[in-house]
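Please go through this structure with the following paragraphs beside it. They start with the aromatic rings and then turn to the nonpolar cores, a helix and two threonines.

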Amino acid sequence: MWVEKYKPSQIEDVIFENSGVREFFNKIISTGEVPNIILAGTPGVGKSLITSIILDKLCSPFDILTINCSDETSVDVVREKVNYFAKTQAQSKYKIVELSESDYLSHNAQATLRHLIEEVSFNCRFIFTCNYSHKIIDALKSRCQVIEFKNPDILSIAERCIGMLQSESIEYDEDVVIDIIKTCYPDIRRTIHTIENSIVDNKLVSVNKVEEDVDFVNL
């Protein structure tokens, strides 16, 4: 899958809406000082990607706990699993708890995390990713750096996708690339999936063309 094959491994290779956000994450990597962070924005803009880069660069696998909050939303998860992990000794500079889809966390779970963040600040950091930051309680936001991802530049996405097509020796029309990006925008992940799935006989075709062929086959 192209999403994995061309997945950036450096902050420099991630598409951002402005250089200030890139500098913020580069500073974390260069200094090793990880604040508690809330990464908020629409699906596919790079929240999980940035988290994985930070974890890969700064943490031993033994110092990482990942919680999918759409599956584990209760306060018991925080009190038992997260609390125990955060208080054990770190092998890296910090242990890091990654809470993906954290806007699913219950109010009580968020309130418990608010206290835990302060209690384990000597040893552990928290990275929250969410689609809707307004679902995160203010008391939790006040203890974190909140990064609201804006929609990335379409031309930057196009440049990245064209680079992939050229690497794969795929024939393409720039207008088709732009049309696919506009259809999927601002979801970069979905854009890459769609482009990969829109290649017929080593040529990129429009999304409408792919749908017509599928409809014909299903008749």
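Rings of Phe, Tyr and Trp, with the six-membered ring taken for Trp, count as a pair if their centres lie within 6.5 Å. In this predicted model, a search of the whole structure finds 5 aromatic pairs. One of them joins W2 and Y6, whose ring centres are 6.2 Å apart with 80° between the planes, an edge-to-face arrangement. The angle decides the label, because planes over 60 degrees apart count as edge-to-face and planes under 30 degrees apart as stacked. W2 has 8% relative accessibility and so counts as buried, whereas Y6, at 23%, is partly exposed. The rings of F126 and F128 are 6.4 Å apart at their centres, and their planes meet at 20°, so this pair is stacked. Both F126 and F128 are buried. Elsewhere, F16, F24, F25 and F149 make up one aromatic cluster.

Two rings also have a charged side chain over them. The charged end of K95 sits over the ring of F85, 4.0 Å from the ring centre. R125 lies over the face of Y94, and there the distance to the ring centre is 4.0 Å.

F126 and F128 lead on to the nonpolar interior. In soluble globular proteins, nonpolar side chains tend to be buried together. Here the largest nonpolar core has 27 residues, and F126 and F128 are among those with the most contacts inside it, along with V82, V97, L99 and L113. Two or more residues of this core come from each of strands β1 (37–40), β2 (64–68), β3 and β4 and from each of helices α4 and α5. Helix α4 gives the largest share, 6 residues. A second core, separate from this one, has 20 residues, including V34, I50, C59 and F149. F149 thus appears twice in this account, since it is also in the aromatic cluster with F16, F24 and F25.

What does L99 contact, leaving aside its neighbours within four places in sequence? L99 is in contact with I67, C69, L105 and L113, and also with F126, I127, F128 and T129.

L113 belongs to helix α5, which covers residues 107–119. This helix has 13 residues and reaches 19 Å from its first C-alpha to its last, close to the 18 Å expected at 1.5 Å a residue. Which residues of α5 are buried? They are A109, Q110, A111, L113, L116 and I117. An α-helix has 3.6 residues a turn, so residues three or four places apart point the same way. The buried residues of α5 are covered by elements that include α4 (75–87), β3 (95–100), β4 (124–130) and α6 (138–141).

Two threonines in other helices are also buried. T51 lies in helix α3, residues 47–58, and counts as buried because its relative accessibility is 1%. The side chain of T51 reaches the backbone oxygen of K47 at 3.0 Å. Not counting residues up to four places away in sequence, T51 touches L39, E98, I127 and T129. T194 is in helix α9, residues 188–196. With 18% relative accessibility, T194 also counts as buried, because the cut-off is under 20%. With residues up to four places away in sequence again left out, T194 touches I180, C184 and V207.

Note on methods
Residues numbered from 1 in each chain as written. Predicted model: local features only at pLDDT ≥ 70, side-chain atom pairs only at ≥ 80, totals over all residues. Heavy atoms only, no water. Helix = DSSP H or I, 4+ residues; strand = E, 2+ residues; numbered from the N terminus. Buried < 20%, exposed > 50% of the residue type's maximum accessible area, 1.4 Å probe, protein only. Contact = heavy atoms within 4.5 Å. Polar contact = N/O pair within 3.5 Å; in protein donor to acceptor, adjacent residues only side chain to side chain. Expected span 1.5 Å × (residues − 1). Lys NZ or Arg CZ within 6 Å of the ring centre and 35° of its normal. Core = buried A, V, L, I, M, F, W, Y, C linked by side-chain atoms within 4.5 Å.
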